[in-house]
Amino acid sequence: MPTGKRPTLDDATRGRLLFGGDYNPEQWPEETWHEDVRLMRDARVNSVTLGVFSWSKLEPRPGAREFGWLDRLMDLMHDNGIGVVLATPTASPPPWMGHLHPDTLPVDQDGRTEWWGGRQHFSHSSATYRRYAAAITEDLAARYGDHPALTMWHINNEYCTYDWSDEAAARFRHWLRNRYGTLDALNEAWGTAFWSQGYGDWAEIHTPRHAHYLKNPTQVLDFRRFTSDMLLECYAAERDIVRRATPHLPVTTNFMPLWSGQDAWRWAEEEDVVSVDLYPDPRDPLGAQSGALVQDMTRSQARGPWMLMEQAAGPVNWRGVNHPKPRGLNRLWSLQAVARGADAVCYFQWRQSRQGAEKFHSGMVSHAGEEGRTYREVKQLGADLARIGAEVTGRHTAGDIAILHDWHAWWAGAQDGRPSGEVDHPDVLRAWYRALWEAHLATDFAHPEHDLTAYRLVVVPQLYALTDAAIDNLRAYVHGGGTLVCGFLTGVADEDDRVRPGGMDARLRELFGIRTLHEWWPLEREETVETDGFRGTLWSEEIEESADASVEAAYMGGELDGLPAVLRRGRAWYVSTLPEPAALRGLLARVAADAGVRPVLDGLPDGVEAVRRGDLLFVLNHGREPVTVQVPGTHTDLLTGATVTDTVALGRYGVAVLRP
Ligand code: GAL
């Protein structure tokens, strides 16, 4: 770990909001670059990310370097006052690499090689790949480290690959030796007494490849941990190279939202700037909520300002049906990210490609060009961001409630051979988040072992596996006066995916007032279960309460008639089903009120969101109908300069940024 104070996003923003995106000028003749710059300036673009997929252009033959085109671009950007986030191009190796060095190609669990011709065809475990990646990174850092346009480094792109190859297996063994020390410890952790899986030699251990029937779940869990760690090693190696050359510049790599392959808590500690790519579906009625969830999570990982590294100005090209963004939605969702602490609003990509796999993915300049609605709206947004930038940066968003999330719990709980294949961890998380969002409660995310004492309310939608430290943390939190609400399938297993005695950790059962957990009664997809207050979905449980617990809702009818659905012991609540949306919202609003947590603003109409960033109040209308919102007091709307007293009128997808 490096020592000393690391640069932050503030060093790149310097009191402005960054606005721009991935710029792939190598796809265009040089005349177009000059038009690009004119349009960028008109739209107040102040930051572009260069080089993300430029490896074959920079190194057309092994060891060759073609920097001339990038030199000209760096100068062009600088001459026009546009900062450059320079990417290492290591997400897409040139064809010669796979051709000359097949060991750089990843292999899937069925033994099939992932060939070049797409992207991300690199094995995180390949020594050859790592050597080439380090060399090009060294040379980029040496050549551009002092360039005045350079503001930040962007390592690779969306680290998301897997590899089951022999070279990965060798590294997996090494990783396992570090984790367990001895084979006995590994056999114990993996429960290899089951199905005759005991290992007698490290060489017998492989990556969890295609198997006849269910795989060893702890082996699979460790493989996911290993994969996240290998990718992190690749990232850290490149990061350390650019840090040595430019210790004053921040380094980032872009996360995918709620991506299962990376322990983002762990990764965020290794970044100077946390950034994320976010693509809610414009047609999704819950698009605003799903975006907000990722924004809150990213801010919490960053513990401060963060970067929206990529979004789409219009349609993407990777859904079954790809919808454009209706007028105003791009601005609304961009300002929503700013409200939640983003100091950068960027896109994939600047100019929509005419060739290649993403030619039908939008850009800030669409195929319709300068006259197109997409660019016109981008230009308007650029002006908005320039207007509010100085006021917004330096002010911070903070939630009143912590939602706990952990990748290891997700990985452990997402295995085959579990009680219900219908339970999808991200879906459960989204359902709980939605309830809090609709109740207008401001949320952060936290890891189950984080210090939670600053929060009056902690919400655990689902943490299937918990370490002893996490369990102790939750208990200490409640005993210290905090309120905890916890959903089903929490605390079932330990970090080796070994079921805790009693089917749920005894300390947690005591905390929630669960005397015995007899059976889980998972529900079919469309099935519901009645309680005396609401209808539950997805899951139900046969539990018996202890004498000091109170039953807040009970199942009605069926096998579970009269048994607790929602249980409470003091300030600890347990919800053994997934209440329908309005019911979960009502429940969480009630618990929040009891815990002394207030909504961001009272009396907000449905579909209107209020977010505080410092003393600024962002009010966002996610609906197409105009609304009038009560905002007691006198404010200035930073977007219009108008004085707003007690009420603000917002049109379709309208936004106000109110300063007291
Ligand atoms: C991201 C990726 C970009 C582009 C974009 C399309 O996952 O980083 O390069 O492919 O998706 O939505």
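This passage describes selected helices, strands, salt bridges and a surface patch of a predicted model. Residues are numbered from 1 along each chain as its sequence is written, and side-chain values use heavy atoms, with hydrogens and water left out. Because the model is predicted, local features need pLDDT of at least 70 and side-chain atom pairs count only at pLDDT 80 or more, whereas totals for chains, interfaces and linings use all residues.

Helix α4 (residues 68-79; helices are DSSP runs of H or I with at least four residues, strands runs of E with at least two, numbered from the N terminus) has 12 residues and reaches 17 Å from its first C-alpha to its last, close to the 16 Å expected at 1.5 Å a residue, where the expected span is 1.5 Å times one less than the number of residues. In this helix Trp69, Leu70, Leu73, Met74, Leu76 and Met77 are buried (under 20% relative accessible area, with exposed meaning over 50% and partly exposed in between; 1.4 Å probe, protein chains only). These residues cover an arc of only 160° around the axis, which puts them on the same side of α4; the arc is that of the directions from the helix axis to the C-beta atoms. Gly81, with a positive phi near 70°, follows α4.

Strand β22 (residues 608-613) has five of its six residues buried, so it is largely enclosed by the rest of the structure. Six bridges join β22 to strand β23 (residues 616-621) in an antiparallel arrangement, two strands being paired if DSSP finds at least two bridges between them. Within this pairing Glu609 stands opposite Leu620 in β23, and the two strands form a hairpin with two residues between them, where Gly614 in the turn has a positive phi of about 60°.

Across the whole structure, 51 salt bridges are found, each defined as a side-chain nitrogen of Lys or Arg within 4 Å of a carboxyl oxygen of Asp or Glu. In helix α9, Asp222 and Arg225 lie three residues apart, about one turn of the helix, and their side chains meet in a salt bridge (2.9 Å, N to O). Asp222 counts as buried at 0% relative accessibility, as does Arg225 at 6%. Arg585 forms a salt bridge with Glu438, the closest N and O atoms being 2.8 Å apart; this pair links distant parts of the chain, with Arg585 in helix α18 (residues 581-594) and Glu438 in helix α15 (residues 425-438), 147 residues apart. Arg585 is partly exposed at 29% relative accessibility, whereas Glu438 is buried at 18%.
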